[in-house]
Amino acid sequence: MEQFVVSAIKYRPLTFASVVGQSSISTTLKNAIQRQHLAHAYLFCGPRGVGKTTCARIFAKTINCLSPTADMEACGVCESCKSFAEGRSYSIHELDAASNNSVEDIRLLIDKVRVPPQIGKYSVYIIDEVHMLSASAFNAFLKTLEEPPAHAIFILATTEKHKILPTILSRCQIFDFNRITIEDTVKHLGEIADKEGIKYEPEAFNIIAHKADGAMRDALSIYDRVISFCSNDITYKAVIEDLNVLDYEYYFRITDAFLESRYTDAILILDEILRKGFDTLHFISGLSTHFRDLLVCKDPRTVPLLEVSHSIAERYKQQAAQSSVEFLFDALNLSNQCEVGYKNSGNPRLHVELSLIKIANIRLEKKNSLNVSEEKNSGKEAITAQQPVSTVDVPKTKPLPDAPQSISLKNMLNDAAEASDTPKEEVVKTEEPGVSFTEEQLVEKWRQYAQSIQAKQPRLSSALLEHTAKLVDGYIINYPALHEKQKQQLTERTQGLIDFLRKELKNPKIQIEWVVEETILEKAKNAVYTLDDKLKFLIQKNPVVEKLKKDLDLDFR
Ligand SMILES: [Zn+2]
């Protein structure tokens, strides 16, 4: 059986060209060798797993190569290259300062430095994790660094540049290694998988790259782990399961729910996620990232900041197109607040649920605030136009917001938020707080009013007595309207009813929504209302009518 070699070692780059994601550093180092412009000390800084030690080794090998290629890569076949590959090079020395950090270790190294190389021009000393050297070891080393022999080159590597003494920093040429981008990592994993004949979904490698957070070494070890149970087919699903990563699908779904103000669906999706064992805070921080990614899609200049695979990027663009920038700002703000307040909340789940409800409510709030401001304006007119207020025939107001769910959502939100955004109360003259009442009380008062206008407005009266009013949410009343036209008429003619109910039931918030039901609408389609309808109806029955109308140039009077 073939021996298993971890991918980070098996695929460790041996040439500058194969180093992933550090091309500018590779180029600079190659140029230095070509121009024979070598410094005595280099410091490679950067996060773990991004290729510092790998580059140091390639650099050292290439410096000593007896016949480098035209592109300044080590030949791999000369005596120097061979001895390095076989680990018996006397010109390239490595010291891991993490485990050899005493003065004694450094003294041994310094003794070696004095000896000139047997092959090649330079002796190269690679000191990994140099920040781990003890203070006295640092001092001992500093003397050598101040006056190095002509043949000595030091390559120091560290993840913690700030721990390096300024006296050492000032003697080094410093290279800052960047995290490897998601794109580069995914590409590299793809190349390795191709070499090994392993099938994969690019999204799967994307997840690995995100998890590795810019460190290729980590990406490769995750890759090895995934292979061990996926065998030869790495799927997105298998990877998110193995890495316990929350599927981005949830975020797309929940955002769809937010955009359509379906707060119950949002809460159900949260429940689904929690039942799968994901952490609530993990979810909410992922949600913030999702909003951030959507926001990034809104401007072509920031689209490159979206670090996802191509197929997912398309989905982000689609969802971003459906969301306004304002919505995303508000949503991001709310999810952030949720994260911040999470630790201090007595009931974390409820805390998150409330945030989700608030996010689902953003669009409705916007819609309502538009309606409310209109209503407010007309309300003011009403006050100035006629005082005191009579029960009937108040100048018409604009139709009430036609979003019944919005109110139930609002009730679920805290009172503070509610109090701040209910200018509706200004319309009402009595400033008393809303008293709750039952549907029976409502129906009784409704009937009283309808009967009281019977003599003056018989048609409105009978329309109001035709059905039974329903109390849907504390102070929202639903009443069927036959069709849009009747809805409009009712809206225009019932300010008196609203005032009456508000006064009698002692609740200034009372609103009526005239609901055009589909079934009623369906019926209405076949019914005959206007003169035009009547004419069409007659023509249908007897086509001669149309000819008659045309020939005699008839019209409605
Ligand atoms: Zn060589």
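Two strands pair, for the purposes of this tour, if DSSP finds at least two bridges between them. Helices (H or I, at least four residues) and strands (E, at least two) are DSSP runs, numbered from the N terminus.

You're looking at a predicted model, where local features need pLDDT of at least 70, side-chain atom pairs count only at pLDDT 80 or more, and totals for chains, interfaces and linings use all residues. Residues are numbered from 1 along each chain as its sequence is written.

**Whole protein**

Start with everything shown. There are 26 helices and ten strands in the protein. Colour by burial and 32% of the 557 residues count as buried. (A residue is buried if 20 or more other C-beta atoms lie within 10 Å of its own, exposed if 12 or fewer, and partly exposed in between, with C-beta atoms placed from the backbone.) For contacts, the rule is that two residues' C-beta atoms, placed from the backbone, lie within 7 Å. Among contacts between residues at least 6 apart in sequence, 74% join residues at least 24 apart.

**Stop 1: the three-strand sheet**

Select β8, β9 and β10. They form an open sheet in the order β8-β9-β10, with mixed pairing. β8 (470-471) and β10 (511-516) are the edge strands, each with a single partner strand, so one side of each has no neighbour in the sheet. Now zoom in on β9 (residues 476-481): six bridges join β9 to β10, and the two run parallel. To see one position across that pair, pick N478, which stands opposite E513 in β10.

**Stop 2: β4 and its partners**

Next, select residues 152-158, strand β4. Seven of its seven residues are buried, so β4 is largely enclosed by the rest of the structure. Look along the strand: A152, F154, L156 and T158 point one way, I153, I155 and A157 point the other way, and all are buried.

Add β3 (residues 123-128), which runs parallel to β4 and is joined to it by five bridges. S123 stands opposite A152 there. Then add β1 (residues 41-45), which also pairs with β4 in the parallel sense, over five bridges. Two positions are handy for lining up β1 and β4: A41 has F154 as its bridge partner, and C45 has T158.

Stay on β1 for a moment. Five of its five residues are buried. One side carries A41, L43 and C45, the other Y42 and F44, and both faces are covered. β1 also pairs with β5 (residues 173-176), in the parallel sense over four bridges. Click F44 and you'll find F175 of β5 opposite.

**Stop 3: α9 and two packed helices**

Hide the strands and select α9 (residues 202-212) with α10 (residues 216-230). They pack at an angle of about 135°, with axes 8 Å apart. That angle makes α9 oblique to α10. Here axes are lines fitted to C-alpha atoms, for helices over the stretch in contact, and angles run from 0 to 180 degrees between N-to-C directions. Angles under 35 degrees count as roughly parallel, over 145 as roughly antiparallel, 65 to 115 as roughly perpendicular and the rest as oblique.

Show side chains for the contact: I208, A209, K211 and A212 of α9 meet D218, A219, I222, Y223 and V226 of α10. By class, the α9–α10 contact has seven nonpolar, no polar and two charged residues. (Ala, Val, Leu, Ile, Met, Phe, Trp, Tyr, Cys and Pro count as nonpolar, Asp, Glu, Lys and Arg as charged, and the others, Gly among them, as polar.)

Now swap α10 for α11 (residues 236-243). What is the angle between α9 and α11? It's about 25°, with the axes 7 Å apart. α9 and α11 are therefore roughly parallel to each other. On the α9 side, pick E203, A204, I207, I208 and K211, which meet Y236, V239, I240 and L243 in α11. That contact divides into seven nonpolar, no polar and two charged residues.

**Stop 4: α23**

Last, select α23 (residues 495-504). Which residues are buried in α23? They are Q495, L497, D499, F500, L501 and R502. Bring up α20 (439-452) too, since it is part of what covers those buried residues. Just after α23, click K506 and check its backbone: phi is positive there, at about 55°.
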